[in-house]
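Q: I would like to learn how to read burial, strand pairing and helix packing from a fold. Can we work through one example?

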Amino acid sequence: MARAKAAKGSASRVTTLKRRSDYLRVRKGARCATAAFVLEAKARSERESSRPALGPRFGFTVTRQIGKAVERNRIRRRLKAAVRAAAETHAKGEFDYVLIARRPALTSHFAALVGELARALARVHRAPARRR
């Protein structure tokens, strides 16, 4: 019983996207592709910012093409842990993010995964370059 309380209080939870409409809205935002995942990001509108959800929200997509259920769940857990490690310093509170997993997310070193996520978060927050 005491262990459950300690584990619940010590681990920071990732606020996740729940509705399909949120995933579709983020799809129209900035994107950054890495070897292990694709990161999509979009700022929340005024109407959605008034909701009680504080801080950044994350969505995770792991398709059946990547592997069986055990592998997909392991990838999802690894990506959530990477988000907990990198989001505190790199994610912006008024943004929603979606991580679309790729197969290398299963076997890459965790430190490399966190580093890729930090670089991807910095890249999607940069102003878009002008095209000629």
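Q: Is Ile 100 buried, partly exposed or exposed?
A: Start from relative accessible area: buried means under 20%, exposed means over 50%, and partly exposed lies in between. In this predicted model, Ile 100 has a relative accessible area of 23%, so it counts as partly exposed. Ile 100 sits in strand S4.

Q: Which residues does Ile 100 touch, beyond those up to four places away in sequence?
A: Set the sequence neighbours aside, then list what remains. Ile 100 touches Arg 27, Phe 37, Val 38, Glu 40 and Thr 61. Add a C-alpha distance for a residue remote in sequence. Thr 63 is 37 residues from Ile 100 along the chain, and their C-alpha atoms are 8.4 Å apart.

Q: Which residue stands opposite Ile 100 in the pairing of strands?
A: Thr 61 does. Now widen the view from the residue pair to the strand pair. S3 and S4, the latter covering residues 95-101, are joined by five bridges and run parallel.

Q: In what order do the strands lie in the sheet?
A: Read order across the sheet, not along the chain. The four strands lie as S1-S2-S4-S3 in an open sheet, and the pairing is mixed. S1 (30-33) and S3 (57-61) each have a single partner strand, so one side of each has no neighbour in the sheet. On average, neighbouring strands are turned by 15 degrees against each other, direction ignored.

Q: Where do side chains point in a strand?
A: In a regular strand, side chains alternate between the two faces of the sheet.

Q: How do S1 and S2 run relative to each other, parallel or antiparallel?
A: Check the direction, then the bridges, then the connection. S1 and S2 are antiparallel, with four bridges between them. Arg 31 stands opposite Glu 40 of S2. The connection is a hairpin of three residues.

Q: Which strands does helix H4 touch?
A: For a helix on a sheet, ask for the strands touched and the angle made. H4 (residues 69-90) packs on the sheet and touches S2 (37-43), S3 and S4. The direction of H4 makes about 155 degrees with that of S3.

Q: Which strands does helix H5 lie across?
A: Apply the reading used for H4. H5 (residues 110-125) lies across S1, S2 and S4, and runs at about 35 degrees to S2. Then check the span. H5 has 16 residues and reaches 23 Å from first to last C-alpha, close to the 22 Å expected at 1.5 Å a residue.

Q: Which residues of H5 are buried?
A: List them, then look for the cover. The buried residues of H5 are Leu 113, Val 114, Glu 116, Leu 117, Ala 118, Ala 120, Leu 121, Val 124 and His 125. Their cover includes S1, S2, H4 and S4.

Q: Why does His 125 count as buried?
A: Compare the value with the cut-off: buried means under 20%. His 125, in helix H5, has 18% relative accessibility and therefore counts as buried. Look next at polar atoms. The side chain of His 125 reaches the backbone oxygen of Leu 121 at 2.9 Å. Beyond residues up to four places away in sequence, His 125 touches His 90, Ala 91, Lys 92, Phe 95 and Tyr 97.

Q: What is the exposure class of His 90?
A: Read the value again. His 90, in helix H4, has 35% relative accessibility, so it counts as partly exposed. Leaving aside neighbours within four places in sequence, His 90 is in contact with Ala 118, Leu 121 and His 125. The C-alpha atoms of His 90 and Arg 119 are separated by 8.8 Å, with these positions 29 residues apart along the chain.

Q: Is Asp 22 buried or exposed?
A: Do not judge by residue type; read the value. Asp 22 has 3% relative accessibility, so it counts as buried. Asp 22 lies in helix H2 (residues 20-26). Outside four places in sequence, Asp 22 is in contact with Leu 17 and Arg 57.

Q: What pattern does the protein follow along the sequence?
A: Finish with the whole chain. The pattern is α-α-β-β-α-β-α-β-α, from five helices and four strands. Of the 132 residues, 37% count as buried. The protein exposes about 9000 Å², with carbon and sulfur atoms supplying 52% of that area. Among contacts with a separation of 6 or more, 78% come from residues 24 or more positions apart.

Technical notes. Residues numbered from 1 in each chain as written. Predicted model: local features only at pLDDT ≥ 70, side-chain atom pairs only at ≥ 80, totals over all residues. Heavy atoms only, no water. Pairing = 2+ DSSP bridges. Helix = DSSP H or I, 4+ residues; strand = E, 2+ residues; numbered from the N terminus. Axes fitted to C-alpha atoms, helices over the stretch in contact; angles between N-to-C directions. Contact = heavy atoms within 4.5 Å. Expected span 1.5 Å × (residues − 1). Buried < 20%, exposed > 50% of the residue type's maximum accessible area, 1.4 Å probe, protein only. Areas by Shrake-Rupley, 256 points an atom, 1.4 Å probe, with all protein chains shown as cover. Polar contact = N/O pair within 3.5 Å; in protein donor to acceptor, adjacent residues only side chain to side chain.
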